[in-house]
2 protein chains.
Amino acid sequence: MPNDTSYPTRQLCEFLAGLKLEDVPTPVVDRTKDLFLDWIASAIAGKDAPAIRRIQEFAAAMGPQTGDAEILVDRRRTSPYFAALINGASSHVVEQDDVHNGSVLHPAAVVFPAVVAAAQAEGKTGAEVLLASIAGYEAGIRIGEFMGRSHYRVFHTTGTVGTLAAAAAVAKLYGLDAEGINQALGSAGTQAAGLWEFLRDAADSKQLHTAKAAADGLQSAWLARAGFTGARQILEGAQGMAAGMSSDANPAALTDGLGTRWATAETSFKFFASCRHTHPAADALKAVMQREGLAAEQIASVTAHVHQGAIDVLGPVVNPVTIHQAKFSMGTVLGLVAVHTHAGLGEFEQHALQDPRIAAFCNKVTMALDDEINAAYPRQWIGRVTVTTTDGRSLEARVDVPKGDPGNTLSRPELEAKAVQLGAFRHGASEAEMRAIIARVWRLDTEANVNNWLPASR
Amino acid sequence: MPNDTSYPTRQLCEFLAGLKLEDVPTPVVDRTKDLFLDWIASAIAGKDAPAIRRIQEFAAAMGPQTGDAEILVDRRRTSPYFAALINGASSHVVEQDDVHNGSVLHPAAVVFPAVVAAAQAEGKTGAEVLLASIAGYEAGIRIGEFMGRSHYRVFHTTGTVGTLAAAAAVAKLYGLDAEGINQALGSAGTQAAGLWEFLRDAADSKQLHTAKAAADGLQSAWLARAGFTGARQILEGAQGMAAGMSSDANPAALTDGLGTRWATAETSFKFFASCRHTHPAADALKAVMQREGLAAEQIASVTAHVHQGAIDVLGPVVNPVTIHQAKFSMGTVLGLVAVHTHAGLGEFEQHALQDPRIAAFCNKVTMALDDEINAAYPRQWIGRVTVTTTDGRSLEARVDVPKGDPGNTLSRPELEAKAVQLGAFRHGASEAEMRAIIARVWRLDTEANVNNWLPASR
């Protein structure tokens, strides 16, 4: 066995093993509660989505019929593995969960389902859950940045890197030392998977990615605690993740600012219910329409000036045929903003596919790669649109910090309102139930346990 | 949704959907029985290996306590997902399971655990299991060949491609049509993972790879049957497996000789209990020692002339510290052959780490890339060694078809003897139990079901 512990993955593991909640600045802990609320509401909103139903059926067929861990969408219980699987899937399906810009990772959908399921089985406290979740965010974001932009061109980072984020979080929850966390990352990295190809078919894979990342991450930590070993240099090794799945990996990212830079607090909230790559342009379009007093029918064309990642992910979606796929259509999102002033959950449900004005608007929208925006990405997600009007004017708008990013974040009242809306979306939770969850999340650091978020199913 | 069905993955799926057992030549069906026997004996021999114990414990914690599917190493039952997981892990740990040269895939360890677990839950017949298994072999081998040598340099093909092989097999068992098989492959491909990095640490990942490939392949087929969708062009698409994990993918391989070339029957059996990359050189060393009447102590040095894949997989193993890692050490394998005349299960257990003559022999062995051998690989695995003797002679031997390959295969009596040895290895099954299994496998095409291979645990 190698005695060398100087490699970047190990340094990251040493940091995670030593991390204490009192070392984390209070604003970061508070922001983690914000992220937790945003997550649990998103997970509840996944109720009754067909893809989630299929995963629930799979869990019912293959898993135990009861257990310590809570399935948020059906208020039943199962083992932690299957709770992480279902809650991971449902967290991501309405596209309202958080995103970290620099890593292009959705940490909530993979970290919280794994941590909460494991914590419910082990009787861990709210403070322990917060600490483990911060460990998962700090690790996952750095690993996502390490894997680089080349990785994201083909791989859904939340699926691949998400497995390691979940593993790091649960390993921390279990109290593993640096060696144990390293072993957990080894098993997680060798299971890390998730390809963008599903976008062309409007297929259900995105939900499978978060489901498996959360569940397999939990499994990796569980196995590491039991003594099952994995590759130590799973990230930077000659036959590790970067060697296989990246051409621009940056090992320095793995240890960037450990203990001083709190990547958790850099995480953005989604304001629109669509792929984050559509948000900067949607903000810019909204700005130009408000500034100029434009109506949708006065717009002849829109050019959204974007980074390459937007073209990679949104480009394959030409004629969206499902609501989920429409969330990856730049034309649909801009059409909803132009015609209905917002691209929220309700607008997608009611108008994205049904309103002929949206399809017509889609044909007016093109994406163009912009060198400046592309160079700033992924650290900064700049939105810029050029609009031509039916009377021949050419208008521009630019938004440097899209709504939901740190610096233009959602306030706690906005987060609470969003959470109540998410609960109501599919009747996943009543307003009273969501208000109880909200109150409990704001005091999560003093909660004795994280069990029983919703009353059990009759 | 694309109406185009002309892409290679779809053509493969059309073939699999239409395949009938009566279309398969009898020698291929008979060879599939050979492969089945070799698999079930390997799976039983994985009993009590620490890595397998950990996966059993995980299944006990997370899965149901009983079910329709048989866990071969502990004679208990669980759901098909967890049976596939455990049997997949245990199939590969003693390194005695089969290998297909051209794809560098170990099909048995991923296909049979998934098919048998699914079949036990669905009451499928032996003939249905044979047909589904052939579908899995035919698909998996072609997909492995499609992914190319660049994939295998970093990825453990049995983990990645194995997921799709298992999915194809179970989808066929479920009677899915071409569209359904395609959906199953889509979900399997987006979960496909497995990196070689674990070799440096002698870590347990190889068992996790086959476990997850079998279980996730089964899951992908189960979900496809339930209507959960995946990417259709998961292999050749712009953001599919080849785009992410290969630089020399060959789409023509996916449809190569469908219905005329029976890739299943090209599969090799392992004679030595080590990584297949060591076998050609071991055969050649054995040949030269027999021909020249050499004893181990007369050998001053051995150069094994190998293909690049051998260097990639065996190169990282310098000082093996576990028996499993020793199976990936060219020096250890050649040492066992030289000192103990064989590198079987017993030799590894008794001598690989304990006998100082083996460690001494290791220092005499080097690998050298050979252009001719490398060019013939992976279609042909040629063994060539140059031996220098302590009295100054330089001797050569070459073996064009290593023991176990088609053309130099194991006979049914040899397979039966190997199966009985594997059963006895960890007292996984008595000779009488293995003889009963052998008799049942030879009549598998007329068996009403594939349940109850071993008496249930008391």
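Let's begin with one residue: A:Lys403 is buried, with a relative accessible area of 18%. The cut-off for calling a residue buried is under 20% relative accessible area, so A:Lys403 falls on the buried side of that limit. Keep in mind as you read that this is a predicted model.

Which residue does A:Lys403 pair with in a salt bridge? The partner is A:Glu414, and the closest N and O atoms of the two are 3.2 Å apart. A:Lys403 sits in the loop between β6 and α18 (412-425) of chain A, while A:Glu414 belongs to helix α18 itself, so the salt bridge ties together parts that are 11 residues apart in sequence. Unlike the buried lysine, A:Glu414 counts as partly exposed, at 32% relative accessibility.

Now move to chain B for a pair that spans a longer stretch of sequence. The side chains of B:Lys33 and B:Asp445 meet in a salt bridge, with 2.9 Å from N to O. Look for B:Lys33 in helix α2 (residues 26-45) and for B:Asp445 in the segment after α19 (431-442), both of chain B; the pair therefore ties together parts that are 412 residues apart in sequence. Here B:Lys33 is buried, with a relative accessible area of 6%, whereas B:Asp445 is partly exposed, at 36%.

Another pair in chain B is formed by B:Arg398 and B:Asp400, whose closest N and O atoms are 2.7 Å apart. B:Arg398 is partly exposed, with a relative accessible area of 38%, and B:Asp400 is partly exposed too, with 36%. Salt bridges can also share partners: A:Arg10, A:Glu14, A:Glu179, A:Arg232 and B:Asp201 are joined into one network in this way. Over all chains, the count comes to 76 salt bridges.

Let's turn to the sheets. Strands of a sheet pair through backbone hydrogen bonds, either parallel or antiparallel. In chain A you can find an open sheet of four strands in the order β4-β3-β5-β6, with mixed pairing. Which strands stand at its edges? They are β4 (365-369) and β6 (394-399) of chain A, each pairing on one side only. Neighbouring strands of this sheet are turned by 20° against each other on average, direction ignored.

Look at β3 (residues 299-306) and β5 (residues 383-389) of chain A: these strands run antiparallel and are joined by six bridges. Within this pairing, A:Ala304 stands opposite A:Val385 in β5(A). Helix α11 (residues 279-292) of chain A lies across β3, β5 and β6 of chain A, and runs at about 125° to β6(A).

Chain B has an open sheet of four strands as well, in the order β4-β3-β5-β6 and with mixed pairing. Its edges are β4 (365-369) and β6 (394-399) of chain B; each has a single partner strand, so one side of each is left without a neighbour in the sheet. From one strand to the next, the twist averages 20°. Six bridges join the antiparallel strands β3 (residues 299-306) and β5 (residues 383-389) of chain B, and B:Ile299 has B:Thr389 as its bridge partner in β5(B). Across β3, β5 and β6 of chain B lies helix α11 (residues 279-292), running at about 125° to β6(B).

Back in chain A, a helix deserves a look. A:His151 is found in helix α6 (residues 126-154) of chain A. Is A:His151 buried or exposed? Its relative accessibility is 0%, so A:His151 counts as buried. Leaving aside neighbours within four places in sequence, A:His151 is in contact with A:Thr157, A:Thr160, A:Met245, A:Ser246 and A:Asp248.

Finally, see how the two chains meet. The size of an interface is often given as the accessible area lost when the parts come together. Chain B and chain A bury about 5,100 Å² between them, 63% of it on carbon and sulfur atoms. B:Met62, B:Phe228 and B:Gln239 supply 16% of the area that chain B buries against chain A, more than any other three residues. The contact takes 63 residues from chain B and 63 residues from chain A.

How many salt bridges are there between chain B and chain A? The count is four. In one salt bridge between these chains, the side chains of B:Arg232 and A:Asp201 meet at 3.1 Å, N to O. There are also 27 residue pairs in polar contact between the chains, both residues at pLDDT 80 or more. On the side of chain B that touches chain A, α9(B) gives the most, with 10 residues.

Conventions
Residues are numbered from 1 along each chain as its sequence is written. Chains are lettered from A and ligands numbered from 1 in the order in which they are written. This is a predicted model: local features need pLDDT of at least 70, side-chain atom pairs count only at pLDDT 80 or more; totals for chains, interfaces and linings use all residues. Side-chain values use heavy atoms; hydrogens and water are left out. Helices (H or I, at least four residues) and strands (E, at least two) are DSSP runs, numbered from the N terminus. Buried means under 20% relative accessible area, exposed over 50%, partly exposed in between (1.4 Å probe, protein chains only). Contact means heavy atoms within 4.5 Å. Two strands pair if DSSP finds at least two bridges between them. Axes are lines fitted to C-alpha atoms, for helices over the stretch in contact, and angles run from 0 to 180 degrees between N-to-C directions. Buried area is the accessible area (1.4 Å probe) that two parts lose on being put together, summed over both. A polar contact is a pair of N or O atoms within 3.5 Å; within protein, one must be able to donate a hydrogen and the other to accept it, and residues adjacent in sequence count only if both atoms are side-chain atoms.
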